[in-house]
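Biologist: Before I interpret a model of this kind, I would like to learn how its features should be read. Could you take me through them in order?

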Amino acid sequence: MCFLATPVLAEPITIAALGDSLTAGYGLPTAEGFVPQMQAWLDEQGADVTLINAGVSGDTTAGGLSRLDWTLTPDVDGVIVALGGNDFLRGLDPAVSRANLDAILEGAAARDVPAMLVGIQAGSNYGPDYRADFNGMYEDLAESRAVPLFPDWFAAIQGGDGIDTDALQPDGNHPNAHGVSMIVDEMGPAILEFAESLAPE
């Protein structure tokens, strides 16, 4: 599927990317982080979209919820919610993570700011029940809140044996610049479609 022929948006669109270190671009030069690379990708499509980096390294879903008010400024037309990785790393109860994400989506809706949800898939660290509850919350919330979902942040760098280590920084958790590029190519069309849905009719 080719998106290169997508029409330029008639009106400028501003989208806030509310996330953690994956959004913030942890460990990378500024230009090689997720938001700058995604911005460049959108620019290449001819989309008049400004992507705001509202990623904070180490943030949990609770932290994202606490930042919602000052993230959704009057100029923000939409929000990408990409949180949960640190909840998993800390072994937080998926029910708490789900409630926080639900509150973020509810808060965005109350402000008439459409949202897109980006999931992350938990490993087996805390057992099958935890994994099922954590991974299932994104699809459940997307359905209940009627928001678009990109199911797995790391989908582009997943292989048969797990995440491609060549696409990761030495810490084994964060993508390197090449990994970010792969993620942007995979996720870009979904974000572009979301941006197009925000354009005035």
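Modeller: What follows goes from one helix to the core, then to the cavities and the pocket, and ends with single residues. Please keep in mind throughout that this is a predicted model.

Biologist: How many residues does helix 7 have, and how far does it reach from its first C-alpha to its last?

Modeller: One sets the end-to-end reach of a helix beside the expected value and then looks for local bends. Helix 7, residues 128-145, has 18 residues and reaches 26 Å, which is close to the 26 Å expected at 1.5 Å a residue. There is nevertheless a kink of about 35° in helix 7, and this kink is centred on Met137.

Biologist: Which residues of helix 7 are buried, and what do they pack against?

Modeller: An α-helix has 3.6 residues a turn, so residues three or four places apart point the same way. In helix 7 the buried residues are Tyr130, Phe134, Asn135, Met137, Tyr138, Leu141 and Ala142, so that Met137, where the kink is centred, is itself one of the buried residues. Their packing partners are helix 5 (85-89), helix 6 (94-110), strand 4 (115-118) and strand 5 (149-150).

Biologist: What follows helix 7, and what is the sign of its phi?

Modeller: Here one looks for a positive phi in a residue other than glycine. Helix 7 is followed by Ala146, with a positive phi near 55°, and this residue is found in the loop between helix 7 and strand 5. Ala146 counts as exposed because its relative accessibility is 68%, and exposed means over 50%. Asp112, in the loop between helix 6 and strand 4, also has a positive phi, of about 60°, although it is not a glycine; with a relative accessible area of 69%, Asp112 is exposed. After helix 2, by contrast, comes a glycine, Gly46, whose positive phi is near 80°.

Biologist: Which members of the largest nonpolar core touch the most other members?

Modeller: In soluble globular proteins, nonpolar side chains tend to be buried together. The largest core here has 58 residues, of which Ile15, Phe34, Met38, Val79, Trp153 and Met187 touch the most other members. Among the elements that give two or more residues to this core are strand 1 (13-19), helix 2 (34-44), strand 2 (49-55), strand 3 (78-82) and helix 8 (177-198), and it is helix 8 that gives the most, with nine residues.

Biologist: How does helix 2 sit against its surroundings, and what covers its buried residues?

Modeller: The buried residues of helix 2 are Phe34, Val35, Gln37, Met38, Gln39, Trp41 and Leu42, and their cover includes strand 1, helix 1, strand 2 and helix 8. Met38 illustrates this, since, leaving out residues up to four places away in sequence, it touches Leu51, Val184, Met187, Gly188 and Ile191. Seen from helix 8, where Gly188 has its place, the contacts of Gly188 beyond four places in sequence are Met38, Trp41 and Ile183. Gly188 counts as buried because its relative accessibility is 0%, under the 20% limit. Gly188 and Gln39 are 149 residues apart along the chain, yet their C-alpha atoms are separated by 9.4 Å.

Biologist: How many cavities of 30 Å³ or more are counted, and what lines the largest pocket?

Modeller: Enclosed spaces are read separately from open ones. The count comes to two cavities of 30 Å³ or more, and the largest cavity, with a volume of about 50 Å³, has a lining that includes Asp20, Leu83, Val118, Tyr138 and Trp153. The largest pocket has a volume of about 500 Å³; of the 24 residues that line it, Phe88, Ile120, Gln121, Phe154 and Ile163 are the closest to its centre. Helix 5 supplies the largest share of this lining, four residues.

Biologist: Is Thr23 buried or exposed, and what about Thr60?

Modeller: A residue type alone does not settle this, and one turns to the relative accessible area. Thr23, found in helix 1 (residues 21-24), is buried, with a value of 1%, and the residues it touches beyond four places in sequence include Phe34, Asn53 and Trp153. Thr60, in the loop between strand 2 and helix 3 (61-66), counts as buried at 10%; its contacts, counted beyond four places in sequence, are Leu83, Asn86, Asp87, Arg90 and Leu92.

Notes. Residues are numbered from 1 along each chain as its sequence is written. This is a predicted model: local features need pLDDT of at least 70, side-chain atom pairs count only at pLDDT 80 or more; totals for chains, interfaces and linings use all residues. Side-chain values use heavy atoms; hydrogens and water are left out. The expected span of a helix is 1.5 Å times one less than its number of residues. The bend at a residue is the angle between axes fitted to the seven residues ending there and the seven starting there. Buried means under 20% relative accessible area, exposed over 50%, partly exposed in between (1.4 Å probe, protein chains only). Contact means heavy atoms within 4.5 Å. A nonpolar core is a set of buried Ala, Val, Leu, Ile, Met, Phe, Trp, Tyr and Cys residues joined through side-chain atoms within 4.5 Å. On a 1 Å grid over the protein atoms alone, a cavity is a set of points where a 1.4 Å probe fits but cannot get out, and a pocket is an open set with protein on both sides within 12 Å along at least five of seven lines; lining residues have an atom within 4 Å of a point. Grid points are joined across faces, edges and corners, and a volume is the space filled by probe spheres set on the points.
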